[in-house]
Amino acid sequence: MEKNLSSSQLFSKRKYSILSILLAFALTFVWIGATGCGKSSRNALTEYWSADAEAAESLREYVNKVTNKNDAENFIPVEDRIAVFDMDGTLTCETFYTYYDTMMFINYCLVDHPEKVSDELKAAAMEIKPGYTAGEELARNFAKAYAGMTVQELYDYAVEFGQKNTDSFKNMRYIDGFYLPMVEVVKYLYDNDFTIYVISGTERTTSRAIIANSPISEYVSPAHVIGTEFEVKQRGYEDVPSNMDFKYADGDELVFTGGFIQKNLNANKSIEIEREIGTRPVLAFGNSGSDTSMMNYVLDSRNPYPSQAYMVVADDDVREWGKQDWAEKSAQYRDQGYVPISMKNDFLKIYPDTIQRSETQYVEPDAEEGAA
């Protein structure tokens with residue numbers, strides 16, 4: 001059709017087209033310059049997060065800022081973009097009767113392998129009730145229960161246990177307890193070149209098995225899982241004081257001795273981050289007082305980069321079994337410098353639609369039936 005236009009009309013039309021193209025390029029470069037990269041979309045964290053979620057907006061702003069190469073004051077190089085996450089209660093459900101490692105211990109002692117554990121351990125498993133303390137004493141019993149298992153055997157059992165159904169939720173296996181909004185956060189950070197570490201109070205091998213079979217498996221390397229430590233020795237040398245007194249040979253097996261090293265909670269979390277990562281993370285996510293050392297380590301004024309910490313508040317008693325008071329907890333966390341996350345108000349969805357909370361929170365295990 002252009003052959004019917006005058007030369008001046010044709011020139012004007014082509015000039016307009018060229019200007020439109022140049023304007024489009026200019027706008028693109030301005031947008032890239034403002035964001036630093038194309039991954040920090042304003043549409044991030046919208047699938048499972050409420051539109052007015054303060055924590056989601058805070059994290060978007062933070063990521064846009066620290067990934068912007070043109071923001072010299074706030075930009076964080078890729079190699080230093082490290083985010084640490086607690087696991088139980090932060091990434092996945094920790095409510096009794098769905099707390100993974102506790103229920104795994106109960107099932108191991110009372111249902112799956114009662115013949116392999118002492119009466120004392122069976123009694124300890126039976127005594128666990130809602131409101132129990134997941135502290136060092138209980139972890140020592142976990143270590144004793146798995147004595148004699150190889151590292152691979154414990155890993156395999158943790159995977160096997162994850163296929164069991166929890167009575168606290170309908171249509172939920174233990175491995176299905178990951179919070180969809182937090183999975184979205186992990187993916188968002190991974191897509192923006194953050195290295196993700198899971199810093200868990202659950203034993204390390206069990207934590208690795210959980211993460212490897214979870215929705216965040218492709219975002220977290222097994223080498224980036226730090227957990228509670230049980231003693232491991234080479235089979236046949238369990239009673240030898242020093243590992244310097246023998247050498248590994250082809251076919252040797254590494255086994256749990258029943259010994260306990262340390263629970264990865266409180267100050268141990270910050271200590272293990274220093275020892276195993278060797279650099280200060282810039283983001284931290286937790287859900288309880290046992291995570292505050294990790295959070296404070298990240299927020300320490302000596303951190304060379306901008307840093308933030310987020311706390312999940314279990315205040316949803318309709319879709320979940322949360323019992324925390326939002327007003328109280330959020331005020332407490334803000335005073336400590338953390339951004340609070342409300343499961344009730346900030347999470348559009350917690351679990352897939354097929355999963356619903358049961359009428360009853362837990363069912364007491366039958367010790368006699370398990371031992372039969």
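## Cysteines

There are zero disulfides here, and keep in mind throughout that this is a predicted model. A disulfide is a covalent bond between the sulfur atoms of two cysteines. Cys-93 counts as buried because its relative accessibility is 2%, against a limit of 20%. Cys-109 is buried too, because its value is 0%.

## Salt bridges

What about charged pairs? Side chains of opposite charge can pair when their charged atoms come close. How many salt bridges does the structure hold? The count is 18, and a few of them are worth walking through.

Start in helix α5, which covers residues 136–145. Here Arg-140 and Glu-136 join their side chains in a salt bridge, at 3.1 Å from N to O. The two sit four residues apart, or about one turn of the helix. Buried or exposed? Arg-140 is partly exposed, with 38% relative accessibility, and Glu-136 is partly exposed at 41%.

Helix α9 (residues 267–276) has a pair of its own, with Glu-272 and Arg-275 three residues apart, again about one turn of the helix. Their side chains meet in a salt bridge at 3.4 Å, N to O. The two ends have contrasting surroundings: Glu-272 is buried, with a relative accessible area of just 6%, whereas Arg-275 counts as exposed at 64%.

Then there's Asp-316, which pairs with Arg-319; their closest N and O atoms are 2.8 Å apart. Asp-316 is buried, at 3% relative accessible area, while Arg-319 is partly exposed at 27%. Elsewhere, Asp-86, Lys-269 and Asp-291 are joined into one network by salt bridges that share partners.

## Aromatic pairs

Now for the rings. Counting ring pairs with centres within 6.5 Å, you get 18 aromatic pairs. One of them is Trp-49 with Phe-347, an edge-to-face pair with 5.2 Å centre to centre and 85° between the planes. Trp-49 comes from the loop between α1 (7–35) and α2 (54–66), and Phe-347 from the loop between β8 (339–342) and β9 (356–357), so this pair ties together parts of the chain that are 298 residues apart in sequence. Both Trp-49 and Phe-347 are buried.

Tyr-100 and Phe-161 make another pair: their ring centres are 5.4 Å apart and their planes lie at 75°, so they count as edge-to-face. Which elements does this pair link? Tyr-100 belongs to helix α3 (residues 100–112) and Phe-161 to helix α6 (residues 151–161), so the contact ties together parts 61 residues apart in sequence. Tyr-100 and Phe-161 are both buried.

Trp-49 and Phe-347 turn up again in an aromatic cluster, where they're joined by Phe-169, Tyr-179 and Tyr-351.

## Charges over rings

Some arginines also sit over aromatic faces. Which ring does Arg-280 lie over? That would be Tyr-297, with Arg-280 over its face at 4.3 Å from the ring centre. Arg-357 places its charged end over the ring of Trp-321, 3.8 Å from the centre.

Notes
Residues are numbered from 1 along each chain as its sequence is written. This is a predicted model: local features need pLDDT of at least 70, side-chain atom pairs count only at pLDDT 80 or more; totals for chains, interfaces and linings use all residues. Side-chain values use heavy atoms; hydrogens and water are left out. Rings of Phe, Tyr and Trp (its six-membered ring) pair if their centres lie within 6.5 Å; planes under 30 degrees apart count as stacked, over 60 as edge-to-face and the rest as tilted. Buried means under 20% relative accessible area, exposed over 50%, partly exposed in between (1.4 Å probe, protein chains only). A charge sits over a ring if NZ of Lys or CZ of Arg is within 6 Å of the ring centre and within 35 degrees of the ring normal. A salt bridge is a side-chain nitrogen of Lys or Arg within 4 Å of a carboxyl oxygen of Asp or Glu. A disulfide is a pair of cysteine sulfur atoms within 2.5 Å.
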